[in-house]
Amino acid sequence: QVQLVESGGGLVQAGGSLRLSCAASGLTFSTYVMGWIRQPPGKEREFVATISWSGSSTYYVDSVKGRFTISRDNAKNTVYLQMNSLKPEDTAVYYCAARRTGFVGTQFDYWGQGTQVTVAS
């Protein structure tokens, strides 16, 4: 049974930072592309970032480039999202997700339960 468990969300002031973590189990972690997807209140889910199997390649939506960094530790079966210079428009539920291949879009095989990130102005 695949489980993705996010942590690290919370309330932060604009300009602040948060680090999200996602611990994976029940899958061969190093064979999955990992991603972060977010869903702002009242809006559709949107792609945020993905990272390749080894971590050598990363992809970001334009709105977070230069502010967010995705990384992974295959020894710990964990993927991270470091979020700096947060803006109120980053407020959303952030989901960790996994799929075998593909680096953009919101179609994933497995999803976590989500963690709330709220950025106050």
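In this predicted model, the count of aromatic ring pairs comes to five. One of them joins Trp-53 and Phe-103, whose ring centres are 5.5 Å apart and whose planes meet at 80 degrees. Planes over 60 degrees apart count as edge-to-face, so the pair of Trp-53 and Phe-103 is edge-to-face. Trp-53 belongs to the loop between β5 (46–51) and β6 (58–60), and Phe-103 to the loop between β9 (92–99) and β10 (110–111). The pair therefore ties together parts that are 50 residues apart in sequence. Tyr-59 is linked with Trp-53 and Phe-103 through ring pairs, and these residues form a cluster. Trp-53 has a relative accessible area of 33%, so this residue is partly exposed.

Rings also take part in contacts with charged groups. Arg-19 lies over the face of Tyr-80, at 4.0 Å from the ring centre. Arg-72 has its charged end over the ring of Phe-29, at 4.4 Å from the centre of that ring.

The next topic is the strands. Strands of a sheet pair through backbone hydrogen bonds, in either a parallel or an antiparallel sense. In this model, one open sheet consists of four strands in the order β1-β3-β8-β7, with antiparallel pairing. The edges are taken by β1 (3–7) and β7 (68–73). Each of these two has a single partner strand, so one side of each is left without a neighbour in the sheet. On average, and with direction ignored, neighbouring strands of the sheet are turned by 15 degrees against each other.

At the β1 edge, five bridges connect β1 to β3 (residues 18–25) in the antiparallel sense. Within this pairing, Gln-3 has Ser-25 as its bridge partner, and Glu-6 has Cys-22. The side chains of β1 alternate along the strand. Leu-4 and Glu-6 point to one face and are buried, whereas Gln-3, Val-5 and Ser-7 point to the other face and are not buried.

Which strands pair with β9? Antiparallel bridges join β9 to β4 (residues 33–39), to β11 (residues 115–120) and to β10. The pairing with β4 has seven bridges, and in it Gly-35 is the partner of Ala-97. Three bridges hold β9 to β11, where Ala-92 stands opposite Val-117. The pairing with β10 rests on two bridges, and Ala-97 appears again here, opposite Trp-111. Seven of the eight residues of β9 are buried, so the strand is largely enclosed by the rest of the structure.

The remaining topic is the interior. The largest nonpolar core has 28 residues, of which Met-34, Trp-36, Val-79, Leu-81, Met-83 and Tyr-94 touch the most other members. At least two residues of this core come from each of β3, β4, β5, β7, β8 (78–83), β9 and β11. Met-34 can serve as an example of the surroundings of one core residue. Leaving aside neighbours within four places in sequence, the contacts of Met-34 include Leu-4, Phe-29, Ala-49, Ile-51, Ile-70 and Val-79. Cys-96, Ala-97 and Ala-98 are also among them, as is Arg-72. Several residues in this list appeared above: Leu-4 is one of the buried side chains of β1, Arg-72 sits over the ring of Phe-29, and Ala-97 is the bridge partner of Gly-35.

Methods:
Residues are numbered from 1 along each chain as its sequence is written. This is a predicted model: local features need pLDDT of at least 70, side-chain atom pairs count only at pLDDT 80 or more; totals for chains, interfaces and linings use all residues. Side-chain values use heavy atoms; hydrogens and water are left out. Two strands pair if DSSP finds at least two bridges between them. Axes are lines fitted to C-alpha atoms, for helices over the stretch in contact, and angles run from 0 to 180 degrees between N-to-C directions. Rings of Phe, Tyr and Trp (its six-membered ring) pair if their centres lie within 6.5 Å; planes under 30 degrees apart count as stacked, over 60 as edge-to-face and the rest as tilted. Buried means under 20% relative accessible area, exposed over 50%, partly exposed in between (1.4 Å probe, protein chains only). A charge sits over a ring if NZ of Lys or CZ of Arg is within 6 Å of the ring centre and within 35 degrees of the ring normal. A nonpolar core is a set of buried Ala, Val, Leu, Ile, Met, Phe, Trp, Tyr and Cys residues joined through side-chain atoms within 4.5 Å. Contact means heavy atoms within 4.5 Å.
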